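Work through the exercises below with the sequence and structure at hand. Each task is followed by its solution.

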Amino acid sequence: MLKDIIKKEIVETITSPKFVFTFLLCAVLILLSVYTGVATYSAELKEYGASVALNKKNLESQPSYGALAGLGTKISRPPQVLSSIASGIDEAIGRVATVNVAYDPNLVDSKYESNPVFSVFGALDLAFIVKIVLSLFAILFTYDAVVGEKERGTLKLALSNRVPRDRLILGKVIGGYLSLLIPLIIPLLLSLLFLLAMPNISLDGEAWGRLLLMFLVFFLYLSVFFTLGLFVSARTSKSSTSFLVLLFIWVTFVTVIPKVSVLAAAQLKPIPSVHEITARKDAFLQQIQGGAQKEVLAWVKENSPKPGEDQKAFQEKFRQWLEEYQQSLTAKIDENNAALERDYQAKKRAQQNLAVNLSRVSPASALTFSTMSLARTGLDEHGRFLASIRTYKPIFTKWANAKMMRNINMQTGEQGGKVVLDDMPQHTFDPETLGRSFARTLPDIGLMFVLILVFFSGAYVSFLKYDVR
Amino acid sequence: MIETINLTKRYEDGRLALDRLSLKVEPGEIFCMFGANGAGKTTTINLLLNFIPPTEGTALIEGIDVTREPLRSKDYVAFVSENVMLYGNFSAYQNLDYFSKLAGKRGLTKVDYAGVLRSVGLQDDSFEARARTYSKGMRQKLGLAIAFIKDAPNILLDEPTSGLDPKSGQEFLALLTAMRDKGKSIFMSTHDIFRAKLIADRVGFMKQGRLVMLKTRRELEGEDLTELYIQYMDER
């Protein structure tokens, strides 16, 4: 009997006009999103390669180490292959950071900065389609699952037979869910084939693991809305009421909670503005620079050779002192900036964590955070990448200062020596492991499981007591 | 056999929907229950199908207490409801196939389904058409086919002739008569005095949850059922 109910649910759904419409729309949107995602990734990969090569060429063409230290090296953010599925905050954050002796590095030149119109519409990636479009379809498939049968009189007719209610609702759940998955699975399989066929896309074992976990998250997310639809349908006596209630919940989950959480977090945990931090850094820099001039003059006055003394020895002593002094000043500046930055980042992280945790009540946020983590396009990966650049900064600065001071002509103050990059320390970044990313998604996956359990139990119990009249 | 013993239903809001109804519909009998909207006719059917629990009393189908053994009792009863829409995307065959399987009928073929569909007066060219394209009369006939294919000894009908055109109504009554002749116990709630008078073996009038009149076909001979109905509804 369960098999008959499941079969009926599937056949009834797939022969309905809403299924045909849903399937076509899903197929077009999913394939389009994967195609554009792959095209964007390919372009970004090309751009990344060009940017790295150009940086090397620029560095090599610098006339001196002083110029190189001032110009700095550019660290480009490598594109993530799974950004074609979930672009996360990839397009909003900068793609390149300049590391030089003077300023704290920051990622700039985001896609939105280059073309602000992108920020208006956002990315049409698979995660977005699942979050918005497919969740709406899940509601569309379930809002009348129980109440619609009541209105059509088929529920009374079915229950006038020897049909246990628990079996009927179970059949509806299984059959309905399988019907909902068809418009998702077929285009997804086609998308996977497309990914495999693309020469620019190379997915290693870990990337496949991440992709499969993302699909699991998609299925869980849809299950939340599917069971919610059943629950509301089993709690209402009119399908129009059920639809309105579900629409209200959907809007709350998908748009209201995430946005309100960010606003609430900003109110509850305010942070200083970036300008304020920059002003503090600049003030300290000026203070150091003012003091440095005096210090150098004082040193020269105190250590200047008396007439007849060895000028060369003085120059060598001055060079050594200046190099050490320069390094100590840079260290002081770096230390101050790092402290300011640490404080700012800690406050920012606290605000972000609060916003994330508040918004996690919504399955839409849970989907967003988990897919971003799995695609390595989330806040954490961005933070780790920026941190790796900031860790690299003093290493680069130390190298550049040393080179600069060793190649300065102390008599003329001119920079000399050909720039050689062989011993220049390179920036390295270890992307987050799959295990760590998965662990990060566990609260979101757990939340979705809890919601599914609550909604399913609610639907189940409500249906057992449902007034079929 | 369909039987109720002091069957009473009082809703949560305190409204008494059915007041100590005691009734027996014997095999080979058509019982027509009349009454205004809210008189308790549909409540009786809902209680007999265990869709709602009784406040007091017992409802029996084939001697089985529907409250104690709801699933078993449903093996012995078929139900035709008012204005059932069925599954609009399904054909007559598909609707019949699904509900016959729910009724526990296995191994039936399209030939069996076609035979039942013909027996309720549906045309062959409508068997494959989607139910959403059916007229109300055709849907009622399909609903009756679903009840017939179950082949239960008892049939409950809730306003089955409402909205049917005269020809469909006539055909419908002929089918019920045929069922009665096969020995089924038929309980029908209706407002349709004219049609019911043609086939009823007994009629009952309900008012505010109480059975206020019960007459056999013989007792009704020479009586104007409409007058009687109005009289009972007004006076008591």
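The exercises go from the whole chain to its domains.

The model is predicted: local features need pLDDT of at least 70, side-chain atom pairs count only at pLDDT 80 or more, and totals for chains, interfaces and linings use all residues. Residues are numbered from 1 along each chain as its sequence is written, and chains are lettered from A and ligands numbered from 1 in the order in which they are written.

**Exercise 1.** Describe the overall form of chain A.

Step 1. Chain A holds 16 helices and 3 strands (DSSP runs: H or I of at least four residues, and E of at least two, numbered from the N terminus).

Step 2. For 469 residues the globule rule (2.2 Å times the number of residues to the power 0.38) gives 23 Å; the radius of gyration, taken over C-alpha atoms, is 30 Å, so chain A is more spread out than a compact globule.

Step 3. The C-alpha trace spans about 120 × 50 × 35 Å along its principal axes.

**Exercise 2.** Find the domains of chain A and the side of domain 1 that touches domain 2.

Step 1. An automatic or database assignment sets the bounds: domain 1 is 2–28 + 126–267 + 448–464, and domain 2 is 39–124 + 287–336 + 357–431.

Step 2. Their C-alpha centres lie 47 Å apart.

Step 3. In contact (C-beta atoms, placed from the backbone, within 7 Å) are 25 residues of domain 1 and 23 of domain 2.

Step 4. On the domain 1 side, α6 (126–142), α10 (205–233), α11 (239–268) and α16 (434–464) each supply at least two residues; the largest share, 8 residues, comes from α10(A).

Methods:
Two residues are in contact if their C-beta atoms, placed from the backbone, lie within 7 Å.
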